[in-house]
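Have a look at the model below, and let's ask how its labels are earned. Each question takes a term or a value, and each reply sets it against its cut-off.

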Amino acid sequence: MRVNPLLRFSVLSATCLIVLGLVLGHFLAGGIRHRALVDARHTAALLADEAIRPLLRPADLRGGTISKARLARLNAVVAAVRRNGNLTRVKVWSRRGRLVYSDDPATIGKRFAVEKSLSGAFAGKPYVGVTDGTLTEQREERGLGKLVEVYVPLRFGDGDTPSGAFEIYEPYAPISAAITHDLRTLLALLAVGLGLSWLVLFRLVAGVSRALQSQVERSRYEAEHDPLTGLPNRRLLYERLAAAIEQSRRDGTSCALLIIDLDGFKELNDTLGHPVGDGLLRDLGPRLAGALGDEALLARLGGDEFAIVLSGSGQDEPAGVARALEVALDEPFKLDGLRVRVAASIGVARFPKHGHDVAALMQRADVAMYQAKRARVGWAEYDSERDVHSRERLAVTDELRLGIERRQLEVYYQPKSDLSDGRVVGVESLVRWDHPVRGLLAPREFLAQAEQAGLMRLLTMHVLERALEQQQEWAQMGLDLTVAVNLSVPDLLDARLPDDIAEHLARSRVEPRMLTLEITEDVVMTDPQRCAAVLQRLAALGVSLSLDDFGTGYSSLAHLRTLAVDELKIDRSFVSSMRDNASDAAIVRSTIELARALGLRVVGEGVEDGETWKQLAGYGCDLAQGYFVSRPVTAEELTPRLLAALAATSPQAAVAVG
Ligand code: C2E
Ligand code: CA
Ligand code: CA
């Protein structure tokens, strides 16, 4: 149990003060008593020397009797002293224990046993003590309460051994009253003084403790919230997600995690500036929160990534929430006088269907978010079929790594032909995996995993190396062909790519202009800024850059001007349908016109028949690639056909497979 520090301080300090008070009181009482006893001894000595002894004769103490006159004077003196002070009894003892004089006349002449204190006085040592009258000689003093008893030696002449002793009793009550009184005063003063200082200290400590407490609370808040948006951060999200999972497990219900990633935020940030980007992120919180129920937790994971935990009995359907979020984002944000519209990709993972713990749900929601982003569908629920992370596919990843090392990757080549004369002017390198068990695998069966496993750079370099070797081999046979190699996102994000390519070119002695690098639009859009820089450096090498699958993404032709590309490949989805679909034909046609106006070479992909070939040629398209000319094949298969075509008058007919 954590004890409140303030309470602990109060108890500890109060205990210390009470102990201090008790110790002081004890010393004070001892001091008062000691002084009172010393006083009593002085009184007795004074009385003995100045008042009593002058009225006694040595013979009185040796067995004689005190004359009546002296007895009367003694009584008078004692009475006078008693009137002025506290005197209960006065006695004069002979060495034999006979009471020579007492102010209680009935006891004069009686003998008593000589007590230790009395015999001490006979030996010259005065005695003082407190008694409650239990001795025989004190019979008369019984009932008088506590008394101070003093014995002093009685001497006649200097240096003589005492002839007897003088004894007085004083009441103890005034002393104990004085002690009590002084003690009370002391304790009262102590209580007030210490109480005051304790109050001051208490206020001080309370202040410090309060400051500490609020500091702790502030640190805790800061540790759990994102400073820019004030939303809960990743840490708090994990905590709440874990709690939601636990609760659902107990209740047998379900909960869900949504991961939201803005589309094109990086681009927006780079174009409009960070203040606008930050403003957008700040405004986004309330906007998203407005689309959520009370029980949902909205957090910022970092960058442009947000997450939502949906839990509790009133849990909304994740699909409904995802749709509500899309609607909420529909309205543009007003920033700095600008109207900015953002779209987001949302991934949904549920407990217990998709995962049983925080890590699993986070990973699955992330995968779903990427699925949504790739498919441009707004939101997607996790689908293990498509998850390259699922267990069986992980095994494939390991295999793939080995496969690359064991050179199981094959490079197939598909010709690119000049539409004006049908001459094959280049080839595109397309990778295949010659899997020892599953046979020849197409790129779509392993590329996504290669990317997830971080094997893409290795794969690209492998394909590049083979393609350049092949280009040299063909050149030596008199076949002057460009080779195209496809680049992926990890390639373009790696700043070392241009140097690596330059090195491969130098080693293979292939002229840079004979190499074409194909990049799809979504590769470029992942990080346009960084990509543009890498593309610039690639262009500077003298290699040719080609924008692949054009028309499937959302980059405009105007945007192309800013990229250093030389070639545009119209996606085969347009090309293959243009024969039957007038609007696709119109798109292809205007794209070709615009691209040519921008000085770009245009390639039509997916040309499957002669009619399409003619149509493209009619539109002024430069090159064609497709099954009409050839499927992707191995170099062994392609080389004889290319050589035959070179020899023949009609090269296109020679290589066409149909
Ligand atoms: P892509 O770059 O658009 O490559 C063209 C794809 O279209 C090839 O599929 C090719 O076989 C197919 N194709 C060619 N002509 C026709 C046709 O007339 N009709 C139809 N229906 N399809 C045709 P493939 O080889 O399966 O490659 C698929 C994708 O995989 C490629 O699309 C490319 O994006 C990627 N890819 C292939 N090899 C590599 C590589 O070495 N590195 C990288 N990064 N990506 C590669
Ligand atoms: Ca390609
Ligand atoms: Ca393509």
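Q: What makes the spacing of the donors of the calcium ion (ligand 2) along the chain E-x57-N-x31-E-x29-D?
A: In this predicted model, the ion is coordinated by Glu-428 (OE), Asn-486 (OD1), Glu-518 (OE) and Asp-548 (OD). Reading these donors along the chain gives the spacing E-x57-N-x31-E-x29-D.

Q: How do you know that these atoms count as donors of the calcium ion (ligand 2)?
A: For Ca the limit is 3.2 Å, and the coordinating atoms lie at 2.1 to 2.3 Å, so they count as donors.

Q: What makes Asn-486 and Asp-548 a link between distant parts of the chain?
A: Asn-486 belongs to strand E16 (residues 482-486) and Asp-548 to strand E18 (residues 544-550), with their positions 62 residues apart in the chain.

Q: Why is Asn-486 called partly exposed?
A: Its relative accessibility is 26%. Buried would need under 20% and exposed over 50%, so Asn-486 counts as partly exposed.

Q: Which residue coordinates both the calcium ion (ligand 2) and the calcium ion (ligand 3)?
A: That is Asp-548, and the two ions are 4.1 Å apart.

Q: Which residues coordinate the calcium ion (ligand 3), and at what distances?
A: The donors are Asp-548 (OD), Asp-549 (OD) and Glu-605, which is listed twice through OE, at 2.0 to 2.6 Å. Set against the 3.2 Å limit for Ca, these atoms therefore count as donors. Along the chain, the donors of ligand 3 follow the spacing D-D-x55-E.

Q: Are Asp-548 and Asp-549 buried or partly exposed, and why?
A: Asp-548 has 5% relative accessibility and so counts as buried, the cut-off being under 20%. Asp-549 has 23% and so counts as partly exposed.

Q: Why are H14 and H16 called roughly parallel?
A: The axes of helix H14 (residues 497-508) and helix H16 (residues 528-541) cross at roughly 20 degrees and come within 9 Å. Angles under 35 degrees count as roughly parallel, so that is the label for H14 and H16. As for handedness, H14 passes H16 in a right-handed crossing.

Q: Why are H7 and H8 called oblique?
A: Helix H7 (residues 274-290) and helix H8 (residues 318-330) have axes that come within 9 Å and cross at roughly 135 degrees. Roughly antiparallel would need over 145 degrees, and roughly perpendicular covers 65 to 115. H7 and H8 are therefore oblique to each other. Their crossing is right-handed.

Q: Why is the pair of Trp-93 and Phe-112 called edge-to-face?
A: The structure holds 5 aromatic pairs. In the pair of Trp-93 and Phe-112, the ring centres are 5.8 Å apart and the planes stand at 75 degrees, so the pair is edge-to-face. The cut-offs are 6.5 Å for the centres and over 60 degrees for this label. Trp-93 sits in strand E1 (residues 89-94), while Phe-112 is in the loop between strand E2 (99-102) and helix H3 (116-122), 19 residues apart. Both Trp-93 and Phe-112 are buried.

Q: How do you know that a charged end sits over the ring of Tyr-412 or Tyr-627?
A: The charged end of Arg-432 lies 5.3 Å from the centre of the Tyr-412 ring. For Arg-631 and the ring of Tyr-627, the distance is 3.9 Å. The distance cut-off is 6 Å, and each charged end is found to sit over its ring.

Q: What is notable about phi at Arg-407 and Arg-509?
A: Phi is positive at Arg-407, about 55 degrees, although this residue is not a glycine. Arg-509, also not a glycine, has a positive phi of about 60 degrees. Arg-407 is in the loop between helix H10 (391-405) and strand E13 (409-418), and Arg-509 is in the loop between H14 and strand E17 (515-520).

Q: Why is Arg-509 called exposed and Arg-407 partly exposed?
A: Exposed needs a relative accessible area over 50%. Arg-509 has 70% and so is exposed, whereas Arg-407 has 46% and so is partly exposed.

Key:
Residues are numbered from 1 along each chain as its sequence is written. Chains are lettered from A and ligands numbered from 1 in the order in which they are written. This is a predicted model: local features need pLDDT of at least 70, side-chain atom pairs count only at pLDDT 80 or more; totals for chains, interfaces and linings use all residues. Side-chain values use heavy atoms; hydrogens and water are left out. Rings of Phe, Tyr and Trp (its six-membered ring) pair if their centres lie within 6.5 Å; planes under 30 degrees apart count as stacked, over 60 as edge-to-face and the rest as tilted. Helices (H or I, at least four residues) and strands (E, at least two) are DSSP runs, numbered from the N terminus. Buried means under 20% relative accessible area, exposed over 50%, partly exposed in between (1.4 Å probe, protein chains only). A charge sits over a ring if NZ of Lys or CZ of Arg is within 6 Å of the ring centre and within 35 degrees of the ring normal. Donors are N, O and S atoms within 2.8 Å of the metal (3.2 Å for Na, K and Ca); water is not among the atoms, so sites may look incomplete. Axes are lines fitted to C-alpha atoms, for helices over the stretch in contact, and angles run from 0 to 180 degrees between N-to-C directions. A crossing is left-handed if the near helix is turned anticlockwise from the far one by less than a right angle, and right-handed if clockwise.
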